[in-house]
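Work through these exercises with the structure open. Try each task before reading its solution.

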Amino acid sequence: MLQKFPDGPAQPLWTSGQGNGGRANAPVDGSYLTVAFSPSATFAEAHGISARWVYRRSRRPGGFAAFTAALPAPQHCGALGAQRQEWATQRQKRPRQLRLSRADARASQPPTSGDSEPVTQAAPAAPEANRTPEPGSETPAKSELQVSTDFPRQVFRAYDIRGIAGSEINEPFAYQLGRALGTLAQHTGEEILLVGRDGRNSSELLSNCLVEGILDSGCNAVNLGLVPSPLLYYACAKGKNTSSGVMVTASHNPAEYNGFKIVLKGRPLAEDKLQRLHQLMQKGPFKSGQGSNREQDIKENYIDEIFNDVALAGQPHLVVDAGNGATSVLAPRLFEQLGCAVTPLFCEIDGNFPNHAPDPSRPENLKALIEKVAETGADLGVALDGDGDRVTLISASGRIAWADQLVMLLARDILARNPGEGIVFDVKSSRALGQLVNQYGGRPIMWKTGHAPMKTKMLETGAILGGELSGHIFIKDRWFGFDDGIYAAARVLEIMALREQSLDELLDSLPQMISTPEILLPADEKEKFAIIEKLKKQADFGDADINTIDGLRIEYSDGWGLVRASNTGAALTLRFEADSDEALERIRQQVMAQLKKVDPKLTVPDWQLV
């Protein structure tokens, strides 16, 4: 017998025996009481329906639909909080072939222990989670998944796995990756891996194969469905029984790409660890077993967490450009719950990205958002990337607020309450950022570009805030320290409300320097790092100071230039900043002359000042 008042949790008033978590609730009309029945393991074994019976019924025309129509709606999955012993005692032997649908998989899942606390209270499944898988998303037969162990090394990049879907990243790749990660997780003491995926056309099939491999390693899986990457990170941060997971995404890359971002024991799997993962995938050895798979929807938990953290005043008008990515449904809904008036732009999930590439760090991808902000008279434009961990903001006047400027605004706000804390930023960031952090009593820490190096450096230094020019912003003040474009935008909105200033006014209050956006020079994937090494050895930059943390940051008294090899594409990354137009052009010409000297084939793309 449970008692629950509107503003409090349910409290047990009377309990008889001990159930196994397969709870059925019946509210008592006109009271705050609920009768809850949780069958014991013995009772469930004697009176339950086997997964094999359900599976057979589902094969009959209309059989499964008729059967499930008579069942009460599930209250929640509660998967993340199941006690480890329950996984062992309650799991049922899963079919060796493809699960016909998510509903079939859910029917054969083991129940959650009634006295265990889930990591996050699961919300009702979103419509996307209940739909029938699209043709082509079904997991291939096991024999098809084990046809190859020759996986290309080049897709194992500095801080994630990324390549062309179908040729470099395919179903056998995802299956073998699942086996390897399930093996690694168990070696580190983890028995559950969280799995999320973005909205790319290939992501659902790759996710299914990944889960199949995880289960065959004997590791358990919790499928979060189609979510932005920050929701996977959130689940790992809040986990009581696990802090490890895999996101199927190629982030901001074009539609033909896909890949995987991996978190193991709360840390990103990157660099040499990814290379060892490649070796494990090719040669083994793997653990084997029969893990259990279940689904959980944590979108409501994530929205509630931000709603309870961020305080806004009035009703700011936003235009949200999700770029047809994974935040298309979630972001407008969250900002509306925060009290904003939202105009959605490209907020329909479409893995073809028909309107523009899902990369808000490129000015050409922001044109439609700038136009919509002007057309609607909005206070702010929010541009998110394909998996939601990057953000760029647009002011009411159409100015682009790059991530290093947003980090300055956040640093000024956070350091006022937390003096002496560290702020990490990447080598592409403005010189003014380090100067501002010093001015407000913080510790400026310049580091390598990339979400994994940035997160690792924040953990090592205990930094409270981090950010890189591409749009990854990591906030540990009142949050969890992972990169989250939606939350970063919400915090900037809060600063606008507290200071009663527009984004234009806030940007005007920052140090003003002349700079270019990130410039990409096409370079052969196999040659780009060699070009940087040649530049280090052969180039002559006069009286400049050279920082080689990540490529070459060439520092002059009146400005700087950067050349580094991109870790996410076949390109060199350049950026320039100076006190004046003349100084910027001088530095740019010096750097380009030295680049041409070491590789005459390089071509200079169009660029503009910002």
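**Exercise 1. A charge over a ring**

Which residue lies over the face of W560, and at what distance from the ring centre?

Solution. Start from the ring of W560. R553 lies over its face, 3.7 Å from the ring centre. Keep in mind that this model is predicted. Now go to Y556. Here the charged end of R586 sits over the ring, 5.7 Å from its centre. A charge counts as over a ring only within 6 Å of the centre. Both distances, 3.7 Å and 5.7 Å, fit that cut-off.

**Exercise 2. The whole protein**

Describe the protein by its secondary structure, burial, contacts and surface.

Solution. Take secondary structure to begin with: there are 21 helices and 26 strands. Next, burial: 56% of the 610 residues count as buried. Then contacts: consider those between residues at least 6 apart in sequence. Of these, 71% join residues at least 24 apart. Last, surface: about 25,200 Å² is exposed, and carbon and sulfur atoms supply 50% of that area.

**Exercise 3. Aromatic pairs**

Find how many aromatic pairs the whole structure holds, then classify two of them.

Solution. The search finds 12 aromatic pairs. One is W479 with Y487: the centres are 4.2 Å apart and the planes differ by 10°. Planes under 30 degrees apart count as stacked, so this pair is stacked. The rings of F480 and F482 have centres 6.0 Å apart and planes at 0°, so they are stacked too.

Now check burial. W479 and Y487 are both buried. F482 has 5% relative accessibility; buried means under 20%, so F482 is buried. F480 has 28%, so F480 counts as partly exposed.

Finally, join the pairs up. Ring pairs link W479, F480, F482 and Y487 into a cluster with Y233, Y234 and Y302.

**Exercise 4. The surroundings of α13**

Which residues of helix α13 are buried, and what do they pack against?

Solution. Locate α13 at residues 330–337. Its buried residues are L330, A331, P332, L334 and F335. Next, list their neighbours. The helices are α10 (229–238), α12 (299–307) and α18 (485–499). The strands are β12 (317–321), β13 (341–345) and β14 (380–384).

Then look at what follows the helix. G339 comes after α13, with a positive phi near 100°.

Compare the ranges with Exercise 3. Helix α10 covers 229–238, and the ring cluster includes Y233 and Y234. Helix α12 covers 299–307, and Y302 belongs to the cluster.

Definitions and conventions. Residues are numbered from 1 along each chain as its sequence is written. This is a predicted model: local features need pLDDT of at least 70, side-chain atom pairs count only at pLDDT 80 or more; totals for chains, interfaces and linings use all residues. Side-chain values use heavy atoms; hydrogens and water are left out. Helices (H or I, at least four residues) and strands (E, at least two) are DSSP runs, numbered from the N terminus. Buried means under 20% relative accessible area, exposed over 50%, partly exposed in between (1.4 Å probe, protein chains only). Contact means heavy atoms within 4.5 Å. Accessible areas come from the Shrake-Rupley method with a 1.4 Å probe; for residues, only the protein chains shown count as cover. Rings of Phe, Tyr and Trp (its six-membered ring) pair if their centres lie within 6.5 Å; planes under 30 degrees apart count as stacked, over 60 as edge-to-face and the rest as tilted. A charge sits over a ring if NZ of Lys or CZ of Arg is within 6 Å of the ring centre and within 35 degrees of the ring normal.
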